[in-house]
Amino acid sequence: MSMSWQNETKLQTTSDPALHPGKRRVFKEGHLTVGLILPLESHPDNPAPTMENHIGMAQLAERHGFGALWMRDVPFFDPNYGDIGQIFEPLVYIASLAAATDSIALGTAGIVLPLREPMILAKQVTSLDQLSGGRMILGLSSGDRPAEYPLFDIDFNSRGERFRDGYDVYRKVSQQSFPTFRSPRFGKSSGHLDLLPKPPFGKTPTIAVGRAQQTIDWVARNMDGLIGASPTTENLEQFARDWHDLVRSTCGKQTFKPVGIGGFLDLVEDKNHPFQKMRGGIRIGSRALAGFLNSARAAGVNHAALNPKVSRRPYVEVMADLAENVLPLFPSIVPTSAPGHTTSE
């Protein structure tokens, strides 16, 4: 088990978000990288994975060169929904994976923000970003499981408004020193208290996983990127162009905010099996997938978060197939300079 950061006790306080190692590994204009949505296990006929050898599988994914590991936020098992993600609470799990890996980005896809207290979330996320050496990427969503909301005594229909409110508080306490704010749901501050630690590179990247019940203009203006459902090949260009055009019109012509696609991946043995849309994702062979991702990259897509849990092949075999036939064409980004030095990226 890697413990490369275990003796690092000094907090990082670099103020340039562009130097964030996780962001630099995964997102770059004109490039596309590949990540995996956990669990790293095939279980197409069962709602729950076994989580057998899950740390070793994460280390294997890093050795293969995947860009990121993404954790879903599923607080409770709903038999009517039938999928419970990686079982472990995502932020706790990221802490464990940070201790076991060295360079792979660790993200959430995504934390259900309306169900979270944003100041505690900020404390958790900034701590993880510090402890992982800047590998934390915070994907946020509004949640899509109505049955969970009554457990928290929260109106499901209020989740869009709660998302905006919570996100505003989260950003202020994590990125500002001694912030002032007044929230209708999450308290108020007169600027007499500060939350520590701060993010090691000024801010932890926040990615919208879906539109989170917001207008796409709000997402482009306020978030650092977007991961949406994988469209068909003929819709890729429109999907990516609309996002990048919107970012430039709302945030400035030189602004780059990445856009990604995500969903289930049924990777079949026939490497040339053509693209086939399925519920929540795609069925395809590895060489055909490389062709699809090449079209996505040409269209302006910057990341693909794949969830092969629906595949009927052993997961080790799926990962090896991707490593052989996909990753060489879409490698993770190796920064041209170390954090703390200037770079053109």
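**Close-up 1. A salt bridge within helix 5 of the predicted model.** Asp-168 is partly exposed, with a relative accessible area of 33%. Its salt-bridge partner is Lys-172. The closest N and O atoms of the two are 3.3 Å apart. Lys-172 is also partly exposed, at 23% relative accessible area. The two residues sit 4 apart in helix 5, so about one helical turn separates them. In an α-helix, residues three or four places apart point the same way, because there are 3.6 residues a turn.

**Close-up 2. A salt bridge between distant parts of the chain.** Arg-185 pairs with Glu-161, with 3.2 Å between the closest N and O atoms. Arg-185 lies in the loop between strand 6 (180–182) and strand 7 (188–190). Glu-161 belongs to helix 5, 24 residues away in sequence. Arg-185 is partly exposed, at 31% relative accessibility. Glu-161 is partly exposed too, at 45%. The whole structure holds 14 salt bridges.

**Close-up 3. A salt bridge in helix 7 (residues 233–251).** The side chains of Arg-241 and Glu-237 meet at 3.3 Å, N to O. They are 4 residues apart, so about one helical turn lies between them. Arg-241 is partly exposed, at 33% relative accessibility. Elsewhere, Asp-73, Glu-89 and Arg-116 are joined into one network by salt bridges that share partners.

**Close-up 4. Helix 4 (residues 118–131) and its packing.** The helix has 14 residues. At 1.5 Å a residue it should span 20 Å, and its end C-alpha atoms are 20 Å apart, so the two values agree. Its buried residues include Leu-121, Ala-122, Val-125 and Leu-128. Polar or charged side chains are buried here as well, among them Thr-126, Asp-129 and Gln-130. The buried residues pack against helix 3 (90–100), strand 4 (111–112), strand 5 and helix 5.

**Close-up 5. Leu-69 in the largest nonpolar core.** This core has 74 residues. Leu-69 and Leu-289 make the most contacts inside it. Leaving out residues up to four places away in sequence, Leu-69 touches ten-membered surroundings that include Leu-36, Ala-58, Leu-97 and Ile-104. Another core, of 11 residues, lies apart from it. Phe-27, Ile-37, Ile-137 and Ile-207 are among its members.

**Close-up 6. A nonpolar patch on the surface.** Phe-76, Leu-151 and Phe-152 form the patch. Together they have about 290 Å² of accessible area. Phe-152 is in the loop between strand 5 (136–141) and helix 5 (159–175). Phe-152 counts as partly exposed, at 33% relative accessibility.

Note on methods
Residues numbered from 1 in each chain as written. Predicted model: local features only at pLDDT ≥ 70, side-chain atom pairs only at ≥ 80, totals over all residues. Heavy atoms only, no water. Patch = residues over 30% accessible without salt bridge, like charges linked within 9 Å, V, L, I, M, F, W, Y side chains within 5 Å. Areas by Shrake-Rupley, 256 points an atom, 1.4 Å probe, with all protein chains shown as cover. Salt bridge = Lys/Arg side-chain N within 4 Å of Asp/Glu carboxyl O. Buried < 20%, exposed > 50% of the residue type's maximum accessible area, 1.4 Å probe, protein only. Core = buried A, V, L, I, M, F, W, Y, C linked by side-chain atoms within 4.5 Å. Contact = heavy atoms within 4.5 Å. Expected span 1.5 Å × (residues − 1).
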